[in-house]
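This report introduces selected local features of one protein structure. The reader is invited to follow each feature in the sequence and the 3D view.

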Amino acid sequence: MPNSSAKPTAVRPHAHRRNLRSLVGIGVVLVVVASCTARSSMLDGPASSSGTLPSIGATPTSTLEATIEPTPVITPVPTPTPLPTATSDELVAACDGTPVPEADPYSGTIHPLVVVYYEDGVDKGWRLGGEEYNTDDWEINQNWLDDEWPGPIQLVVCLNPLKSVKVGSCGYYKRSGDGKIGAVVRYKWSETVRVVVASTGKTLQSKVFLGGTPTCSSKLDDPGGSPPWLIHGGKPSGDVIDAYATAVSTQTVK
């Protein structure tokens, strides 16, 4: 039978405080852990749909494709075909009616031409006048020699052989050397200049040029030979013929 006089067991209030302290400590730990987890989630950012977390500070990259520039197309510049040039032999042959293969038709406002003369003597025949041909009477030929005409030759100016034209008499004279008496007859030189179309060899036009007329005087130089004695004036002027050829080079085509 229990002893009614025994004192009831006293509850120790400090034991309850220790248990409460333990519970509080556990709660603090849980709060700290939860806080760290939340902070870690905030730093790492939301998970991608694939479940892979992007790295902090990652630099996005882009793919660069090489640009291929087109190769420039170089258009070749055609080399102009040089104009055919007639030879001196072909040009002088035009005065005998032979067409010049490389000649242009007679047309336009400028008619490139050359002056050709006839030489008598042992080496008789047609010659092309100019510095390279032992005569510079016709300056217009320099345009051909220096290749200054704007195109191929169109015309050939042909100076026919000189002819003597009687213009009168000075009467009778006595030669001092042998005392022979004879008539003195005056002549002047005549030169027919023909303009030939080089492409056809046909004469386009012609003109006669006369030289100077000799004068009579009281005393004449010994003409030599037997009477009648013939005296001549000067030959037609090369400058006059050159001026004519120059005018022909720009004359109007009819």
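## The disulfide of C170 and C216

C170 and C216 form a disulfide, with their sulfur atoms 1.7 Å apart. The model is a predicted one, and this distance, like every value below, is computed from it. The link of C170 and C216 is left-handed, with -80 degrees about the S-S bond. C170 lies in strand β4 (residues 163-174) and C216 in the loop between β6 and β7, so the pair ties together parts that are 46 residues apart in sequence.

The two partners can also be described by their accessibility. C170 counts as buried, at 16% relative accessibility, whereas C216 is partly exposed, with a relative accessible area of 37%.

## The disulfide of C95 and C158

The structure holds 2 disulfides. Besides the pair already described, C95 and C158 form a disulfide, and their sulfur atoms are 2.0 Å apart. This link is left-handed, with -95 degrees about the S-S bond. C95 is found in the loop between α2 (88-93) and β1, and C158 in strand β3, so the pair ties together parts that are 63 residues apart in sequence.

Both cysteines of this pair are buried: C95 has a relative accessible area of 5%, and C158 has one of 0%. When the bonded cysteines of the chain are numbered in sequence order, the pairing is 1-2, 3-4.

## Helix α4 and its buried side

Helix α4 spans residues 238-248, and its buried residues are G238, I241, D242, Y244, A245 and V248. These residues cover an arc of only 160 degrees around the axis, which puts them on the same side of α4. The packing partners of the buried residues of α4 are four strands: β1 (113-119), β3 (155-159), β5 (181-197) and β6 (202-210).

The N-terminal end of α4 is capped by S237. A side-chain oxygen of S237 lies 3.2 Å from the backbone nitrogen of D239.

## A buried glutamate in β5

E191 lies in strand β5, one of the strands against which the buried residues of α4 pack. How far away is the nearest side chain of opposite charge to E191? That side chain belongs to K235 and is 8.3 Å away. A salt bridge requires a side-chain nitrogen of Lys or Arg within 4 Å of a carboxyl oxygen, so this distance does not qualify. E191 is thus buried yet has no salt bridge.

Leaving aside residues up to four places away in sequence, E191 touches L159, N160, L162, K207, V208, F209, P236 and I241. Of these contacts, I241 is also one of the buried residues of helix α4.

## Backbone features in two loops

A cis peptide bond joins P227 and P228, with omega at about 0 degrees. P228 is located in the loop between β6 and β7 (229-232). C216, one partner of the disulfide with C170, also lies in the loop between β6 and β7.

The other backbone feature concerns D147, in the loop between α3 (142-145) and β3. Phi of D147 is near 55 degrees, which is a positive value in a residue other than glycine. Is D147 buried or exposed? D147 is exposed, with a relative accessible area of 65%.

Definitions and conventions
Residues numbered from 1 in each chain as written. Predicted model: local features only at pLDDT ≥ 70, side-chain atom pairs only at ≥ 80, totals over all residues. Heavy atoms only, no water. Buried < 20%, exposed > 50% of the residue type's maximum accessible area, 1.4 Å probe, protein only. Arc of directions from axis to C-beta. Contact = heavy atoms within 4.5 Å. Polar contact = N/O pair within 3.5 Å; in protein donor to acceptor, adjacent residues only side chain to side chain. Lys, Arg positive; Asp, Glu negative; His and termini not counted. Disulfide = S-S within 2.5 Å.
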